[in-house]
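Grab a pencil and work through the exercises below with the model open beside you. Each one sets a small task, then walks through a solution step by step.

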Amino acid sequence: MALIPYDDTAAAAFAAGRELDRDGLVRWRQAVQHHLRPRVGATLLDLGAGTGIWASAFADWYDVRVLAVEPAPAMRSRCAHRPLLGGHAAALPLAASSLDGAWLSTMIHHVDDLDAMARELRRVLRPGAPVLIRSPFPGRHQRISLFGWFPEALRVLDAYPGLAAVRAAFARAGFPVSTVEPVAQTVAGSLAEYADRMDRRAHTPLQLITEAEYAAGMARLRAAVGTTDGPVVDCLDLLVLR
């Protein structure tokens with residue numbers, strides 16, 4: 001059950017405001033390649049694929065087959081990547097030991113039962129295949145711009161699954177080894193562009209604060225436009241489990 005409803009409005013806002021230019025994802029391309037070590041012909045799961053931006057990127061970057069699974073019909077309707085399946089983290093419509101890796105991007109906070117998801121991923125992954133989780137985690141927000149402009153959203157982040165809890169759930173399911181590293185990404189070419197693209201409907205933490213808190217954050221952001229040069233660069237964590 002998602003924390004917010006991914007209806008047509010939210011899906012359209014996500015597509016407009018959250019899809020990043022691939023030129024800004026060079027560090028992610030390198031990090032995923034390092035940990036996944038993709039080979040031609042391998043099959044990678046993109047779980048909670050959304051509009052398919054990562055699935056399409058991985059297929060292009062690594063020449064692998066990427067199977068996208070997304071529960072929300074409105075998100076699937078905006079996903080051009082194929083193959084694409086409807087499905088949920090705790091009941092994947094996939095055969096056992098059929099995948100060479102799994103990618104989960106900014107979706108674990110929408111999962112009710114981490115243990116069930118971890119067990120299901122253990123079932124569908126081949127032995128030794130990694131799970132790569134891209135996510136903000138409580139207490140590790142310092143290099144994510146959104147929480148600087150909207151500090152009220154930290155109370156939402158604090159309710160997300162913590163790094164220790166995610167590691168523990170996956171360890172119980174048979175993923176005993178884990179590593180975590182921050183990975184940089186360019187989210188906008190300038191602060192002005194960042195402000196123009198900001199839409200609370202595209203961000204779970206912003207949907208779950210009040211309208212007044214969102215307005216205050218936008219006022220802080222707009223007031224800062226023109227006071228700094230250069231791109232807006234964030235760092236999200238990459239948690240790798242085996």
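In strand E2, valine 66 is the bridge partner of leucine 44. Keep in mind that you're looking at a predicted model.

**Exercise 1. Build the sheet outward from E1 and E2.**

Task: work out in which sense E1 and E2 pair, and over how many bridges.

Solution. Start with the leucine 44 and valine 66 bridge. E1 and E2 run in the parallel sense, and five bridges hold the pairing. Now look for what joins these strands: E1, H3 and E2 together make a right-handed β-α-β unit.

Next, step to the other side of E2. E2 and strand E3 (residues 84–85) are parallel too, joined by two bridges. One of the residues to look for here is alanine 68, whose bridge partner in E3 is leucine 84.

Then go back to E1 and step towards E4. Those two strands are parallel with four bridges, and leucine 45 has alanine 102 as its bridge partner in E4.

Last step: put the whole row together. The sheet is open, has seven strands in the order E3-E2-E1-E4-E5-E7-E6, and its pairing is mixed. E3 and strand E6 (178–188) stand at the edges with a single partner strand each, so each has one side without a neighbour in the sheet.

And how covered is E2? Mostly: four of its five residues are buried.

**Exercise 2. Find the buried side of H3.**

Task: list the buried residues of H3 and say what they pack against.

Solution. Begin with the list: Trp54, Ala55, Ala57, Phe58, Trp61 and Tyr62 are the buried residues of H3. They take up an arc of only 165 degrees around the axis, so they are on the same side of H3. Here's a handy rule: an α-helix has 3.6 residues a turn, so residues three or four places apart point the same way.

Now see what that buried set packs against: helix H2 (26–36), strand E1 (43–47), strand E2 (65–69), E4 and strand E5 (131–135). To finish, look at what follows H3: aspartate 63, with a positive phi near 55 degrees.

**Exercise 3. Do the same for H2.**

Task: which residues of H2 are buried, and how wide an arc do they fall within?

Solution. The buried ones are Trp28, Ala31, Val32, His35 and Leu36. Looking down the axis of H2, you'd find them within an arc of 110 degrees, so they line one face of the helix. Their packing partners are E1, H3, E4, E5, E6 and E7. Just after H2 comes arginine 37, which has a positive phi of about 50 degrees.

**Exercise 4. Follow the aromatic rings.**

Task: describe how phenylalanine 58 pairs with tryptophan 54 and with tryptophan 103.

Solution. A pair of aromatic rings is described by the distance of the centres and the angle of the planes. The count of aromatic pairs comes to ten. Take tryptophan 54 and phenylalanine 58: the ring centres are 5.8 Å apart and the planes are at 40 degrees, so this pair is tilted. The two residues are four apart in helix H3 (residues 53–62), which means about one helical turn separates them. Tryptophan 54 is buried at a relative accessible area of 7%, and phenylalanine 58 is buried at 0%.

Now turn to tryptophan 103. Its ring centre is 5.0 Å from that of phenylalanine 58, and the planes are at 85 degrees, so the pair is edge-to-face. Because phenylalanine 58 lies in helix H3 and tryptophan 103 in strand E4 (residues 101–105), the pair ties together parts 45 residues apart in sequence.

Zoom out, and you'll see one aromatic cluster made of Trp28, Trp54, Phe58, Trp61, Tyr62 and Trp103. The charged end of arginine 134 sits over the ring of tryptophan 28, at 5.3 Å from its centre.

**Exercise 5. Place valine 240.**

Task: is valine 240 buried or exposed, and what does it touch?

Solution. First, locate valine 240 in strand E7 (residues 232–241). With a relative accessible area of 3%, valine 240 is buried. Then check its contacts beyond four places in sequence: His35, Pro130, Val131, Leu132, Val177, Ser178 and Thr179. Valine 131 is 109 residues away along the chain, yet the C-alpha atoms of valine 240 and valine 131 are separated by 5.7 Å.

Definitions and conventions. Residues are numbered from 1 along each chain as its sequence is written. This is a predicted model: local features need pLDDT of at least 70, side-chain atom pairs count only at pLDDT 80 or more; totals for chains, interfaces and linings use all residues. Side-chain values use heavy atoms; hydrogens and water are left out. Buried means under 20% relative accessible area, exposed over 50%, partly exposed in between (1.4 Å probe, protein chains only). Contact means heavy atoms within 4.5 Å. Rings of Phe, Tyr and Trp (its six-membered ring) pair if their centres lie within 6.5 Å; planes under 30 degrees apart count as stacked, over 60 as edge-to-face and the rest as tilted. A charge sits over a ring if NZ of Lys or CZ of Arg is within 6 Å of the ring centre and within 35 degrees of the ring normal. The arc is that of the directions from the helix axis to the C-beta atoms. Two strands pair if DSSP finds at least two bridges between them. A crossover is right-handed if, with the strands pointing away from the viewer, the path from the first strand over the helix to the second runs clockwise.
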